[in-house]
Amino acid sequence: MSMAGNLRKVTGLGKVGGLRKVARLARRRPRVDLSHPARSPLGSSVVNCVTYQDGARVPGCADLVDAVERVRKSGEGFVWLGLHEPTDSEFTGVAELFDLHPLAVEDAVEAHQRPKLERYGETLFAVFKTVCYVEHEQLTATSEVVDTGEIMVFVGEDFVITVRHGRHGSLGPLREELEADPQQLAKGPAAVLHALADHVVDDYLTVTDAVQADIDQVETDVFSENGARADPGRIYQLKRELLELKRAVMPLARPVEDLATRPIRVIDPEIQAYFRDVLDHLMRAKEQIAAFDELLNSILQAHLAQVTVAQNEDMRKITAWAAVIAVPTMVCGVYGMNFTFMPELHWRVGYPLVMGVMAAACLALYRGFRRNGWL
């Protein structure tokens, strides 16, 4: 059954009774003006709703139901609906209108999903983890380096629904870039899915380059003259933030590979060539993250080794000074026993001689330890 058939089955479009059902559904929730520009502030969960035909934006269609009805009747173009953190009640009408699978709807509303690609009938559902580098003047043990969000995408033959979660990752600029390339946008919803995937993966590369600068700074500090006194908390913090980046990038490899190689009805074979380029960029980001993880492990091990060496040097110095002090302590201990009959006790030159012997012994020990690098 075609997507149009599914929509008629669920909403009854094209029939008088079905249109009345859609009208009742529309009356149950507030009608939202969806015609505002792509960069407009979020006044509700609905960011934008635009109809595209032959790669160009169709003016008007300020209502979702009207936009879908026009596309279904004409059999050309598609609708792109953008949402930001919708609630379950807000998304219910959209799910019924487009016949979205309940499991995919639950994932889109609840968020906190692992990157994946699933097919429900003739609808494709993809989850992307978005990342953003958090600027900071100086890396500390509590600095936030990577901020993550999510974009869920429903792709059908004539619709694209994007659900965004998080404080970053606005799709307004992406929409404008696509509208500036009508030839690519004319390829349909699959072109939007490719643009989203490419946008997300390009952000991965941007963030990895920024994280590399933090790693280079930590590496420089650790291998500096006072590297043993560097704060190891910064290394652990970088590893924790790198783990967030890894959770976003690593699981996405299989979904993008499927989009690039496996035949999928809503993905035109011509678009799959573009997904292969996205896969190549994703592999590069994946390799960089794996290399960063290994490098941070090496830096941490080197730092621990430096701390151990510094502790050993401190212990050698303490031992050497204890040995130097032991000589006069021993001599003074002998002559401090207060025996009545002791050799040289009443000798006139006894005191200067003993002091000279102690000084000479201490000096000899000091020079010996100094020559061996203990002091």
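## A walk through the fold

Among contacts between residues at least 6 apart in sequence, 69% link residues at least 24 apart. Keep in mind while you click around that this is a predicted model.

**Whole protein.** Start zoomed out, with everything in cartoon. You should be able to pick out twelve helices and seven strands. Of the 375 residues, 45% are buried. Switch on a surface if you like: the accessible area is about 20000 Å², and carbon and sulfur atoms account for 54% of that.

**The β4–β5 hairpin.** Now select residues 116-120, which are strand β4, and 123-133, which are strand β5. The two pair in the antiparallel sense, over five bridges. For one rung of that ladder, show R119 and look across to L124, its bridge partner in β5. Two residues sit between the strands, making the pair a hairpin. Check the backbone of G121 in that turn: its phi is positive, about 65 degrees.

**Helix α9.** Next, select 232-249. This is α9, with 18 residues. Put a distance between its first and last C-alpha and you should read 26 Å, close to the 26 Å expected at 1.5 Å a residue. Then color the buried positions: G233, R234, I235, Q237, L238, E241, L242, L245, A248 and V249. What do the buried residues of α9 pack against? Show β5, which you have just visited, along with β6 (146-155), α8 (189-222), α10 (253-261) and α11.

**Into α11.** From there, move to α11, residues 269-335, and click on A273. Is A273 buried, partly exposed or exposed? It counts as partly exposed, because its relative accessibility is 36%, and the buried class stops at under 20% while exposed needs over 50%. Now add A260 and draw a C-alpha to C-alpha distance to A273: the two are 6.6 Å apart in space and 13 residues apart in sequence.

**The nonpolar patch.** Stay with α11 and select M330, which is also in this helix. M330 counts as exposed because its relative accessibility is 54%, where the class requires over 50%. Which residues join M330 in a nonpolar patch on the surface? Add V334, Y335 and M337 to the selection to complete the patch. Together the four have about 380 Å² of accessible area.

How values were computed
Residues numbered from 1 in each chain as written. Predicted model: local features only at pLDDT ≥ 70, side-chain atom pairs only at ≥ 80, totals over all residues. Heavy atoms only, no water. Helix = DSSP H or I, 4+ residues; strand = E, 2+ residues; numbered from the N terminus. Buried < 20%, exposed > 50% of the residue type's maximum accessible area, 1.4 Å probe, protein only. Contact = heavy atoms within 4.5 Å. Areas by Shrake-Rupley, 256 points an atom, 1.4 Å probe, with all protein chains shown as cover. Pairing = 2+ DSSP bridges. Patch = residues over 30% accessible without salt bridge, like charges linked within 9 Å, V, L, I, M, F, W, Y side chains within 5 Å. Salt bridge = Lys/Arg side-chain N within 4 Å of Asp/Glu carboxyl O. Expected span 1.5 Å × (residues − 1).
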